[in-house]
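Trainee: I have a new model on my screen and would love to go through it with you. Could we take it one question at a time?

Mentor: Gladly, let's have a look together.

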Amino acid sequence: MKALQQEASQCAEMIKKANAIVLLSGAGMSTNAGIPDFRGPQGLYKRAGIPDPERIFDIEYFYRDPSLFYSFHRELLKALDAAKPTFAHFFFAALEKKGKLLGVITQNIDALHQRAGSHKVYEIHGGIWESHCTKCGKSFDYETSKRMTFEKEIPRCDNCGGVIKPDIVFFGEPVKHIDECFELARKADLFFVVGSSLVVTPAAMIPSATSGEIVVVNKGEVSEFYLPSSRVALRVDADIDEFFRSVNEELKLL
Ligand code: OAD
Ligand code: ZN
């Protein structure tokens, strides 16, 4: 506990000095909101019970058999309905309000950063707020595609019968806003990696583009392949909300 307080004090000092903070968030940021992560102990890929669970989000597999994705997507939609932003989401929104944060780069599709009040959010893995027909390109809003997802095993376009796919970036598809994200990282004087295992590229390559100090907050293993520990000024292995509540005790942002 003492160690966590010391780390929180160190982090608070770093935030006080910083003027250009950038956050890269991953699925661990939203587990306290009830949305499961992928590779954590209770993660989707562990619970899926299938070999090669990443194929749930593989675009070639989706075109062959969209039912695998949709069986998991229905569960995610239910979790999203009940989810509220966590303390950490509000903490980073408060940093933006204070004029200290340049932007949030998120691998998450849950929009909890925006719901907490963050405006400068780059959803590099897309989102579920819009869906498109994979055949004719017709667009469907969130409520319509959600209704269709619960009505049918596989939602299909009313125009052409093609399979509908939410605008989530699947493996094999290009990520969004990547140039802006690297630019943001270069401009940052303090770069946070929060709740990510840093195994999925190109997101995992973004932090090392910064010349600022890097803080990693994640319970459990974080890949050092793209971000060697020598580049990390502060590594916190603790619950995200517990840690940022402790940082906030010093900064009183919330
Ligand atoms: P991962 O599931 O790979 O990593 C989440 C990390 O957060 C794990 O190391 C957890 O131990 C940690 N964690 C979970 N809850 C936490 C908490 N309350 N406090 C502290 N740490 C916690 O998620 P990402 O790195 O975001 O992509 O995964 C990257 C991409 O892989 C996702 O965007 C998704 C997935 O395949 C696509 O679907 C395209
Ligand atoms: Zn269509």
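Trainee: Let's start with cysteine 157: where is its place in the chain?

Mentor: Keep in mind that this is a predicted model. Following the chain to cysteine 157, you arrive in the loop between H7 and E6.

Trainee: Is cysteine 157 buried or exposed?

Mentor: The cut-off for buried is under 20% relative accessible area. Cysteine 157 has a value of 6%, so the residue is buried.

Trainee: How far apart in space are cysteine 157 and glycine 34?

Mentor: Along the sequence, 123 residues separate cysteine 157 from glycine 34. In space, going from C-alpha to C-alpha, the separation is 31 Å.

Trainee: Which protein atoms are the donors of the zinc ion, ligand 2?

Mentor: Cysteine 157 is one of them, through its SG atom. The donors lie 2.3 to 2.4 Å from the zinc ion. Along the chain they follow the spacing C-x2-C-x20-C-x2-C. The full set is Cys133 (SG), Cys136 (SG), Cys157 (SG) and Cys160 (SG).

Trainee: What arrangement do the four donor atoms make around the zinc ion (ligand 2)?

Mentor: Ideal angles for four tetrahedral donors are 109.5 degrees. To count as tetrahedral, four donors need all angles between 85 and 135 degrees. Around the zinc ion (ligand 2) the angles are 97 to 116°, so the arrangement is tetrahedral.

Trainee: How many residues apart in sequence are the parts that cysteine 133 and cysteine 160 tie together?

Mentor: Cysteine 133 lies in strand E4, which covers residues 126-133. Cysteine 160 is in the loop between helix H7 (142-151) and strand E6 (164-168). The pair therefore ties together parts whose separation in sequence is 27 residues.

Trainee: And cysteine 160: is it buried, partly exposed or exposed?

Mentor: Compare it with its partner first: cysteine 133 has 4% relative accessibility and counts as buried. Partly exposed is the class between 20% and 50%. Cysteine 160 has 31%, so it counts as partly exposed.

Trainee: Staying with helix H7, which residue has a side chain in polar contact with that of serine 145?

Mentor: Serine 145 is found in helix H7. With a relative accessible area of 7%, serine 145 is buried. Its side chain is joined by a polar contact of 3.4 Å to the side chain of serine 131.

Trainee: Now to ligand 1: which residues come nearest to it?

Mentor: There are 25 residues around ligand 1. This shell divides into nine nonpolar, eleven polar and five charged residues. Those that come nearest are Arg39, Tyr45, Ser196, Ser197 and Lys219.

Trainee: Which residue has a side-chain N or O atom 3.0 Å from a nitrogen atom of ligand 1?

Mentor: Let's set the backbone pairs aside: an oxygen atom of ligand 1 is 2.8 Å from a polar backbone atom of alanine 27, and an oxygen atom of the ligand is 2.7 Å from a polar backbone atom of arginine 39. The side chain you asked about belongs to aspartate 239.

Trainee: What share of ligand 1 does the protein bury?

Mentor: Taken alone, ligand 1 exposes 800 Å². Of that area, the protein buries 94%.

Trainee: What is the relative accessible area of methionine 29?

Mentor: Methionine 29 is found in the loop between strand E1 (21-25) and helix H2 (44-47). The residue is buried, and its relative accessible area is 1%.

Trainee: Let's check some backbone angles. Which residues does a cis peptide bond join?

Mentor: The bond has an omega of about 0°. One partner, proline 202, lies in the loop between strand E7 (190-194) and strand E8 (213-217). The cis bond joins threonine 201 and proline 202.

Trainee: What is phi of leucine 198?

Mentor: Leucine 198 has its place in the loop between E7 and E8. It is buried, with a relative accessible area of 2%. Its phi is positive, in a residue other than glycine, and is near 55°.

Trainee: And what is phi of histidine 177?

Mentor: Histidine 177 is in the loop between E6 and helix H8 (178-187). At 35% relative accessibility, it counts as partly exposed. Although histidine 177 is not a glycine, its phi is positive, at about 60°.

Technical notes
Residues are numbered from 1 along each chain as its sequence is written. Chains are lettered from A and ligands numbered from 1 in the order in which they are written. This is a predicted model: local features need pLDDT of at least 70, side-chain atom pairs count only at pLDDT 80 or more; totals for chains, interfaces and linings use all residues. Side-chain values use heavy atoms; hydrogens and water are left out. Donors are N, O and S atoms within 2.8 Å of the metal (3.2 Å for Na, K and Ca); water is not among the atoms, so sites may look incomplete. Four donors count as tetrahedral if all angles lie between 85 and 135 degrees; four count as square planar and six as octahedral if opposite donors are over 155 degrees apart and all others between 65 and 115; anything else is irregular. Helices (H or I, at least four residues) and strands (E, at least two) are DSSP runs, numbered from the N terminus. Buried means under 20% relative accessible area, exposed over 50%, partly exposed in between (1.4 Å probe, protein chains only). A residue is near a molecule or strand if one of its heavy atoms lies within 4 Å of it. A polar contact is a pair of N or O atoms within 3.5 Å; within protein, one must be able to donate a hydrogen and the other to accept it, and residues adjacent in sequence count only if both atoms are side-chain atoms. Accessible areas come from the Shrake-Rupley method with a 1.4 Å probe; for residues, only the protein chains shown count as cover. Ala, Val, Leu, Ile, Met, Phe, Trp, Tyr, Cys and Pro count as nonpolar, Asp, Glu, Lys and Arg as charged, and the others, Gly among them, as polar.
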